[in-house]
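The exercises below concern one model and are meant to be worked with the sequence and the structure open. Each task is followed by a solution in steps.

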Amino acid sequence: MSNNIDVFISSQSFQEEELREKTVVVIDVLRASSTMVTALDNNAKGVIPVADMDDASKISQNLNSPNFLLSGEKNGVKIEGYDLGNSPLDYTSDVVKDKTIILNTTNGTKAIKRASLAKEVVIGSFLNLRTVVDYLQKVESEIVLVCAGWHDRLALEDLLCAGNIIYELTGGSLSSTAQDGAKVAFGLYEKFGDDIEGTIKSSNYAVRLKDIVSEEDLLYCCQRNIMQVLPAMNEGIISDIHGKKE
Ligand SMILES: O=C(O)[C@H](CS(=O)(=O)O)OP(=O)(O)O
């Protein structure tokens with residue numbers, strides 16, 4: 001592929017204007033991206049990402065409640081009064097099928113909102129990595145992989161996933177003229193890509209949230225290429241544009 005590709009290491013590491021005319025992949029492996037991918041794979045109608053609780057309550061007040069779920073977390077914990085937290089394992093077909101989910105998370109949904117000037121925004125995770133790569137191979141615009149990170153800092157699992165995407169896109173051979181961000185992500189994947197689970201199990205996230213987020217959640221989010229959905233944003237709503245059918 002000949003496109004220019006860069007990696008931004010957190011949702012605050014760029015100016016929103018920098019994303020204009022670009023194809024952006026937002027990556028929040030733990031857990032917002034993995035949750036959205038799972039929800040859409042289980043036939044949720046769409047996901048509305050919101051930046052905070054105020055936005056979530058404004059949107060939910062104007063909607064017909066049986067068709068909507070109010071979901072999200074603060075520092076990993078389900079927000080009181082919400083229907084669901086941010087564990088992808090809770091987004092089963094019987095819970096989310098045909099529902100639109102208003103999702104409010106600490107980092108992931110904020111990163112998506114900050115990418116709203118992009119030409120297009122898609123959601124990436126290990127779960128749907130191959131589908132994202134196949135899509136990126138066809139786009140003609142410049143590509144930016146936005147890692148959601150954690151509170152404006154780098155999160156290893158997001159950068160590792162970005163590196164895996166670049167590795168696949170480049171056939172494992174990155175040009176010496178690649179962007180610095182792409183080189184760092186690619187190098188991280190070369191070093192740790194053989195042991196995604198082990199690397200993520202010893203990440204800052206895993207240590208920080210060990211009493212809040214189950215190991216089952218972590219291991220689930222480490223699985224590669226188990227879903228073919230391609231979540232993409234259109235007028236504020238994320239839906240599957242890959243056209244998965246039941
Ligand atoms: O719910 C999550 O997994 C995280 C929690 S924290 O911000 O890392 O404490 O939120 P997310 O927005 O999915 O990164």
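**Exercise 1. Determine how many residues of α1 are buried, and locate the non-glycine residue with positive phi just after this helix.**

Solution. Helix α1 is mostly covered, as 10 of its 10 residues are buried. The buried residues in α1 are A32, S33, S34, T35, M36, V37, T38, A39, L40 and D41. The model is a predicted one.

Just after α1 comes N43, with a positive phi of about 70°. N43 is not a glycine, and its place is in the loop between α1 and β3 (46-50). For the burial class of N43, count neighbours: 16 other C-beta atoms lie within 10 Å. A residue is buried at 20 or more and exposed at 12 or fewer, so N43 is partly exposed.

**Exercise 2. Classify D98, a residue with positive phi, as buried or exposed.**

Solution. First, the backbone: phi of D98 is near 65°, a positive value in a residue other than glycine. Second, the location: D98 belongs to the loop between α3 (93-96) and β6 (100-104). Third, the count: D98 counts as exposed because it has 9 C-beta neighbours inside 10 Å, and the limit for that class is 12 or fewer.

**Exercise 3. Describe the surroundings of strand β2: which way do its residues point, and with which strands does it pair?**

Solution. Start with burial. In β2, 5 of the 5 residues are buried, so the strand is largely enclosed by the rest of the structure.

Next, sort the residues by direction. T23, V25 and I27 point one way, while V24 and V26 point the other way; all are buried.

Then look for the partners. Strand β7 (residues 120-124) pairs with β2 in the parallel sense over 5 bridges. Strand β8 (residues 143-147) also pairs with β2 in the parallel sense, over 5 bridges. Two residue pairs fix the register: V24 has V121 as its bridge partner in β7, and V26 stands opposite V146 in β8.

**Exercise 4. For V24 and V26, list the contacts that lie beyond four places in sequence.**

Solution. V24 is in strand β2 and counts as buried because it has 28 C-beta neighbours inside 10 Å. Leaving out residues up to four places away in sequence, V24 touches L19, A115, A118, V121, V144 and V146. V121, the bridge partner of V24 in β7, is among these contacts. As for V207, V24 is 183 residues away from it in sequence and 29 Å away in space, C-alpha to C-alpha.

With neighbours within four places set aside, V26 is in contact with S33, A111, I112, A115, V121, I123, G124, V146 and A148. V146, which stands opposite V26 in β8, is one of them.

**Exercise 5. Which members of the largest nonpolar core touch the most other members, and which helix gives the most to this core?**

Solution. The largest nonpolar core has 76 residues, of which V26, I27, L145, V146, C147 and A162 touch the most other members. Helix α6 (residues 156-169) gives the most to this core, with 8 residues.

**Exercise 6. Find the residues closest to the ligand, and the peptide bond in cis that involves one of them.**

Solution. The ligand is surrounded by 17 residues, and the closest are R31, A32, T105, T106 and N107. By class, this shell has 7 nonpolar, 7 polar and 3 charged residues. R31 is found in the loop between β2 (23-27) and α1 (32-41). A cis peptide bond joins L30 and R31, with omega about -5°.

Technical notes:
Residues numbered from 1 in each chain as written. Predicted model: local features only at pLDDT ≥ 70, side-chain atom pairs only at ≥ 80, totals over all residues. Near = placed C-beta within 6 Å. Nonpolar A, V, L, I, M, F, W, Y, C, P; charged D, E, K, R; others polar. Core = buried A, V, L, I, M, F, W, Y, C linked by C-beta atoms within 7 Å. Helix = DSSP H or I, 4+ residues; strand = E, 2+ residues; numbered from the N terminus. Contact = placed C-beta atoms within 7 Å. Pairing = 2+ DSSP bridges.
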